[in-house]
Amino acid sequence: MTNKDFLKDFMGSTIANLEHARSEGGVKEFSFEINCADLQDFNYIDIRQSDKFKDIFDTLKELSGPTLYWFEIISDTDTKKIVETFFNYKSSISSKATPAIKTTIDYDSRTLYVGKVKGSFWGRLIQHLGFFKVNATQGLQLYYWAKDLSLKLRVNIYVFDNNMADIMPIVEYAFAKRLKPLVGKHK
């Protein structure tokens, strides 16, 4: 098979997968809320078994597949204060890895972050909450900087069929352009 034939096959299967997702509605939706003030130190306790988060993680464990997600700000917390507090944490000596800060920020946006995973989302959520043991794994690390902001978030997820895994970067980019998240760069 030539490279040109491979490209044609790739484009054809990608279009077919997108068409299937569009026509069949191949998306499972789920959302839940997190009050960052409720976050406790779950670095040595399994958050998946905690009273406040067990039901969420039980549901997320059932939702498997390529996932688009975004953290929507539902509290009245000032977005400039959110970005400032996030930047101060990111700049601190003891911070864990966090998403990039944009050079141009739309402070009218009510979206904190947009992301995607090819597999199960529940593990990525643990990273974003700040409870993953490897400090170099990037995440929002909410426990470390958002607790005192009265920040309440709605986490929205769309779970796709497995055949969409390789297309997720395109879907993430489209949503990031639409939602204009405060943190994280999308190219």
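**Notebook: Gly139 and its surroundings**

I started with the contacts of Gly139 (contact means heavy atoms within 4.5 Å). Leaving aside neighbours within four places in sequence, I found Gly139 in contact with Ala97, Thr98, Pro99, Arg124, Gln127 and His128.

A note on what I am reading: this is a predicted model, where local features need pLDDT of at least 70, side-chain atom pairs count only at pLDDT 80 or more, and totals for chains, interfaces and linings use all residues. Residues are numbered from 1 along each chain as its sequence is written, and side-chain values use heavy atoms, with hydrogens and water left out.

**Entry: the loop of Gly139**

I looked up where Gly139 sits, and its place is the loop between α4 and α5. Helices (DSSP runs of H or I, at least four residues) and strands (runs of E, at least two) are numbered from the N terminus.

Is Gly139 buried or exposed? Gly139 is buried, with a relative accessible area of 0%. For my own reference, buried means under 20% relative accessible area, exposed over 50%, and partly exposed in between, with a 1.4 Å probe and protein chains only.

I also checked a distance: Trp122 is 17 residues from Gly139 in sequence, and their C-alpha atoms are 13 Å apart in space.

**Entry: helix α4**

Next I turned to α4, which covers residues 122-129. Six of its eight residues are buried, so the rest of the structure largely encloses α4. The buried ones are Arg124, Leu125, Ile126, Gln127, His128 and Leu129. I then asked which elements the buried residues of α4 pack against. They pack against β1 (27-35), α2 (54-62), β2, β3 and α5. Just after α4, Gly130 has a positive phi of about 110°.

**Entry: two positive phi values**

Most residues other than glycine have a negative phi. I therefore noted two residues other than glycine with positive values: Gln141, with phi near 60°, and Ser150, with phi near 55°.

Gln141 lies in the loop between α4 and α5 (142-145), and Gln141 is buried, with a relative accessible area of 2%. Ser150 lies in the loop between α5 and β4 (152-160). Ser150 is exposed, with a relative accessible area of 52%.

**Entry: strands β2 and β3**

How many bridges join β2 to β3? Six bridges join β2 (residues 67-73) to β3, and the two strands run antiparallel. Two strands count as paired if DSSP finds at least two bridges between them. I followed one bridge: Trp70 has Val114 in β3 as its partner. Six of the seven residues of β3 (residues 111-117) are buried, so this strand is largely enclosed by the rest of the structure.

**Entry: the whole chain**

Stepping back, I see six helices and four strands in the protein chain. From the N terminus on, they run α-β-α-β-α-β-α-α-β-α. Buried residues make up 43% of the 187 residues.

For the overall dimensions, the C-alpha atoms fill a box of roughly 55 × 40 × 30 Å along the principal axes. The radius of gyration is 18 Å, which agrees with the value near 16 Å for a compact globule of 187 residues. That radius is taken over C-alpha atoms, and the globule rule is 2.2 Å times the number of residues to the power 0.38.

Finally, I looked at how contacts spread along the sequence: of those with a separation of 6 or more, 82% are between residues 24 or more positions apart.
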